[in-house]
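Morning, everyone. I'd like to take you through the open and closed spaces in this model, and then the two ligands. Here it is on the screen.

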Amino acid sequence: MLVFITGATSGIGKSTAEIFAKNGYNLIITGRREERLSSFKKELETTYKIKVTTLCFDIRESAAVESAIASLSAENKNIDILVNNAGLAAGLSSIQDGSLSHWERMIDTNIKGFLYTTKAVSNLMIKNGKGHIINIGSIAGKEVYANGNVYCATKHAVDALNKGMRIDLLAHNIKVTAVNPGMVETEFSVVRFDGDEDRAKKVYMGMEPLKPEDIAETVFWVATRPAHVNINDILIMPTVQATATNVIRK
Ligand code: NDP
Ligand code: 8X3
């Protein structure tokens, strides 16, 4: 079995790669940070005796996505599972104060990059007559919170695309699932606040967020249901978080 994971250099994508590796799946892992990809490949291959292929590209560049996927060997084009995980939030500002470059980064990564990958890999799956696409959405795709405007819009787009691609790919024996997390402590908030680690730490202060491993376990579980069973959509939250903004803190 072969799993293609976008954004496997940190956080949810990295933990997802680890759990599939531990269970004997071969992997294609992607991201922009080449050094992290190659050291992670080495670590996974040594520890779990599986085969890992790395693809280093920026998901915002359609030509780079296409040529990276086209460059895969025939064996590596036999992708069983695609985890559409690469994504980010940039900024937390009102619509009137938002930064255009933040907005463009989120739209280009979370929607356009997601689409480029999905198109290329779903065509391989159609040729193979089977597949499973697992989309990492968010609580931000289910509700909207103050100053989350554009990030929430991109994750609402993922929610809509998750439903849309399930319909389009139904006749091709391709399962489509969304895993939508609440707060998970990863590099997400550091990226959101442009590297401001102190501000990022405050997001999780006094509460117990999800760990990337919690999401990885969920992704692995949805991927290992029997062939006739599909999990359409899961919302997974920290116990102390009821909605995007209702969080109990000590
Ligand atoms: P991280 O910042 O830890 O990981 C993000 C991953 O996405 C990295 O591997 C990064 O790789 C990759 N990535 C980002 N931009 C690009 C790009 N332009 N091209 C290629 N790869 C890219 O965050 P998370 O693990 O938390 O985020 C993973 C997903 O989970 C995202 O879609 C996020 O929206 C979603 N999510 C996160 C939640 C949270 O609270 N953390 C909650 C709900 C959803 P590299 O930098 O090497 O390119
Ligand atoms: C990430 C969770 O609440 O920061 O998607 O939007 S949140």
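Start with the largest pocket. Its volume is about 1200 Å³. Keep in mind that this is a predicted model.

The lining of this pocket has 48 residues. Closest to its centre are Gly-87, Leu-88, Tyr-151, Thr-186 and Phe-188. By class, the lining divides into 21 nonpolar, 18 polar and nine charged residues.

Which elements supply at least two residues of that lining? They are α1, β2, α4, α5 and α6. On the sequence, β2 is 26-31, α4 is 100-128 and α6 is 188-192. And α6 gives the most, with four residues.

Now, what sits in there? Ligand 1 takes space in the largest pocket. Ligand 2 takes space in the largest pocket too. Let's do them one by one.

Ligand 1 has 29 residues around it. The nearest are Thr-9, Ser-10, Arg-32, Tyr-151 and Thr-186. Tyr-151 is also one of the residues closest to the centre of the pocket, and so is Thr-186.

Two helices to look for here are α1, at 11-22, and α5, at 149-169. Each supplies at least two residues of the shell around ligand 1. By class, that shell has eleven nonpolar, twelve polar and six charged residues.

Now some polar contacts of ligand 1. Asn-85 uses its backbone: an N or O atom there lies 2.8 Å from an oxygen atom of the ligand. Val-184 uses its backbone as well, with a polar atom 2.9 Å from an oxygen atom of ligand 1. Lys-155 uses its side chain, where a polar atom lies 3.0 Å from a ligand 1 oxygen. How much of ligand 1 does the protein cover? On its own, the ligand has 880 Å² of accessible area, and the protein covers 96% of that.

On to ligand 2. The residues around it are Ser-138, Ile-139, Ala-140, Tyr-145, Tyr-151, Phe-188 and Arg-192. You've met Tyr-151 already: it is among the residues that come nearest to ligand 1. Phe-188 should sound familiar too, as one of the residues closest to the pocket centre. By class, the shell of ligand 2 has five nonpolar residues, one polar and one charged.

Three side chains to point at. Ser-138 has a side-chain N or O atom 2.5 Å from an oxygen atom of ligand 2. Tyr-145 has a polar side-chain atom 2.6 Å from a ligand 2 oxygen. For Arg-192, the distance from a side-chain N or O atom to an oxygen of ligand 2 is 3.4 Å. As for cover, ligand 2 has 250 Å² of accessible area on its own, and the protein covers 85% of it.

Next, the second largest pocket. Its volume is about 410 Å³. It is lined by 19 residues. Nearest its centre lie Gly-131, His-132, Asn-173, Lys-175 and Ala-227.

Here we look at strands. β5, at 131-136, and β6, at 174-181, each supply at least two lining residues. Which element gives the most? That is β6, with three residues. The class split for this lining is eight nonpolar, six polar and five charged.

Last topic: closed spaces. How many cavities of 30 Å³ or more are there? The count comes to two.

The largest cavity holds about 80 Å³ of space. Its lining has 15 residues, and Ala-90, Gly-91, Leu-92, Ser-93 and Trp-103 lie nearest its centre. Two helices, α4 and α5, give two or more residues each to this lining. By class, the lining divides into six nonpolar, eight polar and one charged.

The second largest cavity has a volume of about 60 Å³. Its lining includes Thr-6, Ile-59, Asn-84, Asn-85, Ala-86 and Asn-110. Phe-114, Ile-136, Lys-155 and Val-158 line it as well. Again, α4 and α5 are the elements that give two or more residues. The classes here are five nonpolar, four polar and one charged.

Look back at two names in that lining. Asn-85 lines the second largest cavity, and its backbone is the one 2.8 Å from a ligand 1 oxygen. Lys-155 lines this cavity too, and its side chain makes the 3.0 Å approach to ligand 1.

That's the tour. Questions, please.

Conventions:
Residues are numbered from 1 along each chain as its sequence is written. Chains are lettered from A and ligands numbered from 1 in the order in which they are written. This is a predicted model: local features need pLDDT of at least 70, side-chain atom pairs count only at pLDDT 80 or more; totals for chains, interfaces and linings use all residues. Side-chain values use heavy atoms; hydrogens and water are left out. A residue is near a molecule or strand if one of its heavy atoms lies within 4 Å of it. A polar contact is a pair of N or O atoms within 3.5 Å; within protein, one must be able to donate a hydrogen and the other to accept it, and residues adjacent in sequence count only if both atoms are side-chain atoms. Accessible areas come from the Shrake-Rupley method with a 1.4 Å probe; for residues, only the protein chains shown count as cover. On a 1 Å grid over the protein atoms alone, a cavity is a set of points where a 1.4 Å probe fits but cannot get out, and a pocket is an open set with protein on both sides within 12 Å along at least five of seven lines; lining residues have an atom within 4 Å of a point. A molecule sits in a cavity or pocket if more than half of its atoms lie within 2 Å of its grid points. Ala, Val, Leu, Ile, Met, Phe, Trp, Tyr, Cys and Pro count as nonpolar, Asp, Glu, Lys and Arg as charged, and the others, Gly among them, as polar. Grid points are joined across faces, edges and corners, and a volume is the space filled by probe spheres set on the points.
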